[in-house]
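Work through the exercises below with the sequence and the model open. Each task is followed by a solution in steps.

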Amino acid sequence: DLLVNQIAAGEVVERPASVLKEVLENAVDAGSRAIEVQLEQGGVRRIRVADDGCGIEREDLALALERHATSKIASLDDLERVGTMGFRGEALAAIAAVARTSITSRATGAAHAWRIDGDDRSLAPAALNHGTVVDVADLYYNTPARRKFLKSEGTEFAHCDEMFRRVALARPDIALQLAHNGRVSHRLPVATPLARVAALMGDDFVAHAREVEAESGVLRLTGLASLPAYSRASRDAQYFFVNGRFVRDKLLTHAVRQAYADILHGARHPAYVLFLTLDPAGVDVNVHPAKIEVRFRDSRAVHQFVFHALTRALAESGA
Ligand code: ADP
Ligand code: MG
């Protein structure tokens with residue numbers, strides 16, 4: 001079973017940032033209002049995520065580390081609609097198979113917290129005011145072949161930082177903090193979507209960006225897209241969210257590139273933070289284990305909508 005989990009881990013746990021993604025998504029799913037992330041040595045030495053969400057009952061703690069144990073799928077219908085972020089019920093099992101993992105949690109209304117050790121699955125009473133602390137230490141300590149593929153501390157931290165930014169952009173209603181080797185690198189209070197974008201992308205971006213706000217039937221596009229005068233854009237300053245989920249999708253990227261074609265002449269990268277929302281039935285997010293690609297029922301309508309909404313926003317007077 002450990003071996004099965006270690007193999008499964010290959011898909012889920014590519015590097016510290018993928019651990020952070022899964023653990024952060026769980027904290028978001030738990031209805032947290034505030035989440036704190038502490039990383040050590042690029043996340044390889046430690047990833048610790050503390051939230052103030054609903055917590056996990058004592059009898060569910062061991063289950064949380066089992067493969068295909070999820071509290072998030074009540075029916076097949078749910079599986080199709082995927083209301084929550086994570087949904088396969090194997091992330092924590094996979095993580096616990098390749099790192100020293102513990103979960104400390106206090107369910108709402110519980111007299112005190114419990115801590116489960118991922119190695120021997122032992123349970124012990126613990127002190128915690130509320131929510132859950134997931135601690136993932138020494139990633140790949142037992143799979144040296146995998147450890148070889150880890151990059152430098154700086155590179156692994158950069159990937160973690162990027163993952164953190166995606167969650168932070170998607171959820172301005174949650175206070176978020178990130179610290180690396182004891183030094184706080186982001187302290188983000190609850191904010192409006194625009195203020196959260198400014199905090200993460202910089203005032204310079206906001207000053208040189210157009211606000212996008214368009215609606216057509218069930219499709220809605222909001223966010224900010226840079227004007228040609230914004231010259232500091234890099235390839236990573238491109239964020240597209242579909243129903244709150246970060247995606248890197250060919251169809252959407254193409255629609256954006258086409259909207260920019262006449263004003264950027266392909267010379268520079270545009271910078272943008274765009275949020276597309278649509279009826280969940282119109283999009284399949286379950287197409288890839290990394291859950292970064294999507295498939296639209298009516299991809300042509302989505303492409304046209306995004307292209308026109310962005311073209312219009314970029315062409316508004318003052319551009
Ligand atoms: P999934 O998120 O796909 O259900 P995971 O392996 O990521 O699977 O998590 C397993 C289960 O553990 C979740 O379904 C949830 O019930 C519980 N869980 C994990 N993290 C948290 C958390 N931070 N707060 C509350 N419950 C959690
Ligand atoms: Mg999960």
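**Exercise 1.** Find which residue of β12 F241 stands opposite, and place the two strands in their sheet.

Solution. This is a predicted model.
Step 1: F241 stands opposite F246 in β12.
Step 2: Strand β11, residues 238–242, runs antiparallel to β12, and 3 bridges join the two.
Step 3: Both strands belong to an open sheet of 5 strands with mixed pairing, ordered β9-β10-β13-β11-β12.
Step 4: β12 (245–247) is an edge strand, as is β9 (209–216), and each of them pairs on one side only.
Step 5: On average, neighbouring strands of this sheet are turned by 20° against each other, direction ignored.

**Exercise 2.** Identify which strands of this sheet helix α11 touches, and give its direction relative to β9.

Solution. Step 1: Helix α11 spans residues 299–315 and packs on the sheet.
Step 2: The strands touched are β9, β10 (219–226) and β13 (272–277).
Step 3: The direction of α11 makes about 140° with that of β9.

**Exercise 3.** Write down the strand order of the open sheet of 8 strands, and explain why β5 and β8 each have one side without a neighbour.

Solution. Step 1: The order is β5-β4-β3-β6-β2-β1-β7-β8, and the pairing is mixed.
Step 2: β5 (123–126) and β8 (183–188) stand at the edges with a single partner strand each, so one side of each has no neighbour in the sheet.
Step 3: Neighbouring strands here are turned by 15° against each other on average, direction ignored.
Step 4: At the β5 edge, the partner is β4 (residues 113–117); the two run antiparallel and are joined by 4 bridges.
Step 5: Within this pairing, W114 has P125 of β5 as its bridge partner.

**Exercise 4.** Determine which strands helices α2 and α7 lie across.

Solution. Step 1: Helix α2 (residues 16–29) lies across β1 (34–40), β2 (46–51) and β6 (131–137). Helix α2 runs at about 10° to β2.
Step 2: Helix α7 (residues 153–170) lies across β1, β7 (175–180) and β8. Helix α7 runs at about 15° to β8.
Step 3: β1 therefore appears in both lists.

**Exercise 5.** Decide where the coordinates should not be read in detail, and why.

Solution. Step 1: The mean pLDDT of the protein is 89, and 87% of its residues reach 70 or more.
Step 2: Over residues 79–87, pLDDT stays under 50.
Step 3: Where pLDDT is low, predicted coordinates should not be read in detail.
Step 4: The model nevertheless has 20 contacts beyond four places in sequence for residues 79–87.

Definitions and conventions:
Residues numbered from 1 in each chain as written. Chains lettered and ligands numbered in written order. Predicted model: local features only at pLDDT ≥ 70, side-chain atom pairs only at ≥ 80, totals over all residues. pLDDT = per-residue confidence, 0-100. Contact = placed C-beta atoms within 7 Å. Pairing = 2+ DSSP bridges. Axes fitted to C-alpha atoms, helices over the stretch in contact; angles between N-to-C directions.
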